[in-house]
Amino acid sequence: MRTACTSLGRSGDDVPEFAPTDKWPRHPKPWWRDALDMARDYGWSLTQIKGHGWGHIYCPARSCDYPIYSSGTAPEGPAKTARRKVERCPHGTVAAESVSHIEALLTKAERLIDAADALSLKNKLERRAELLDAADDLVSQSAAWDEFGLLLAQAEDAEQEAAAAFAAAGERHDAQAGALDAADGQVRSARDALQRPRLPSGEVKRLKGWADELRARIVAARSA
Ligand SMILES: [Zn+2]
């Protein structure tokens, strides 16, 4: 087991500093231990300077920091604030990478669903145009010809929309079902990644809501 005090530069040689990979000293209060565990998971470091409370934590970029007290009269408030500070730090690699990875999965899923919807619309419009074409007596009327032309133009627009969405997703499918299956896979991976512990809770809520919304769109598109 490592008990090393790694000097990370700024704090000088005589100040004990604990890297996120080190074993950190145990805080006497459980609420502070939770906050410290979380900070370490997010890649923060801890320093302990005698006479300056229990310690001080720094984010990976050393842009955010927070004092750790020994106890105090209203002890849980500052520990809660410390957790919030850790969650909201935009410099942490672990959390930021996970969140942006999940965002990328869901963004791709959304584009694939958009493409699938556009493909479905295109097929519907083309089918309507075919039906109109098959009804000979209607085609002889100029109003029907206008509608026929309009349906084909709309179908072409929908096809272009699908192509643009596929290009944005970086993946092409010929059929709506294939696009929806791929989108479903993306949403499932995102949901798995959201199970990872200690992601920022606000982000988890937002990303879960987004995943649920996309899942509902997939279900609706499949049953349409
Ligand atoms: Zn930070």
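Biologist: Let's start with the hairpin of β3 and β4: which residue there takes a positive phi near 60°?
Modeller: Happy to look, keeping in mind that this is a predicted model. Most residues other than glycine have a negative phi. The hairpin has six residues between its strands, and in this loop between β3 (55-58) and β4 (65-68) there is a residue that is not a glycine yet has a positive phi of about 60°. That residue is Arg62.

Biologist: How many bridges join β3 to β4, and which residue in β4 is the bridge partner of His56?
Modeller: The two strands run antiparallel, and the bridges joining them come to four. For His56, the partner in β4 is Pro67.

Biologist: Along β4, which side chains point to the buried face?
Modeller: The side chains alternate along this strand. Asp65 and Pro67 point to one face and are not buried. The other face, where the side chains are buried, belongs to Tyr66 and Ile68.

Biologist: Stepping back, what pattern does the chain follow along the sequence?
Modeller: The chain has 224 residues, of which 36% are buried. Its secondary structure comes to seven helices and four strands. Read along the sequence, the order is β-α-β-β-β-α-α-α-α-α-α.

Biologist: Which residue forms a salt bridge with Lys108, and how many residues apart are the two?
Modeller: Side chains of opposite charge can pair when their charged atoms come close. Here the closest N and O atoms of Lys108 and Glu171 are 2.8 Å apart. The pair links distant parts of the chain, with Lys108 in helix α3 (residues 93-134) and Glu171 in the loop between α5 and α6 (176-194). So the partner is Glu171, within the 4 Å limit for a salt bridge, and the separation is 63 residues.

Biologist: Are Lys108 and Glu171 buried or exposed, or in between?
Modeller: Buried means under 20% relative accessible area and exposed means over 50%. Lys108 has 23% relative accessibility, and Glu171 has a relative accessible area of 23%. Because these values lie between the two cut-offs, Lys108 and Glu171 both count as partly exposed.

Biologist: Which residue in helix α6 meets Arg215 in a salt bridge?
Modeller: The N to O distance in this bridge is 2.9 Å. Arg215 lies in helix α7 (residues 201-223) and its partner in α6, so the pair ties together parts that are 31 residues apart in sequence. Arg215 is partly exposed at 26%, whereas the partner is buried at 5%. The partner is Asp184.

Biologist: Which residue forms a salt bridge with Asp184 at 3.3 Å?
Modeller: This pair also links distant parts of the chain, from helix α6 to helix α7, 38 residues apart. The partner counts as partly exposed, at 41% relative accessibility. Its name is Arg222.

Biologist: Which residues are linked with Asp184 in a network of salt bridges?
Modeller: Arg215 and Arg222 each pair with Asp184, as we just saw. The network also takes in an Asp and another Arg. Together, the residues linked with Asp184 are Asp181, Arg188, Arg215 and Arg222.

Biologist: Which residues gather with Glu159 in a patch of negative charge on the surface?
Modeller: Glu159 is found in helix α5 (residues 142-169). Its relative accessible area is 42%, so Glu159 is partly exposed and clears the over 30% cut-off for a patch. The residues gathered with Glu159 are Glu156, Asp157 and Glu161.

How values were computed. Residues are numbered from 1 along each chain as its sequence is written. This is a predicted model: local features need pLDDT of at least 70, side-chain atom pairs count only at pLDDT 80 or more; totals for chains, interfaces and linings use all residues. Side-chain values use heavy atoms; hydrogens and water are left out. Patches are made of residues with over 30% relative accessible area and no salt bridge: like charges are joined within 9 Å, nonpolar side chains (Val, Leu, Ile, Met, Phe, Trp, Tyr) within 5 Å. Accessible areas come from the Shrake-Rupley method with a 1.4 Å probe; for residues, only the protein chains shown count as cover. A salt bridge is a side-chain nitrogen of Lys or Arg within 4 Å of a carboxyl oxygen of Asp or Glu. Lys and Arg count as positive and Asp and Glu as negative; His and the chain ends are not counted. The place of a charge is taken as NZ of Lys, CZ of Arg, CG of Asp or CD of Glu. Buried means under 20% relative accessible area, exposed over 50%, partly exposed in between (1.4 Å probe, protein chains only). Two strands pair if DSSP finds at least two bridges between them.
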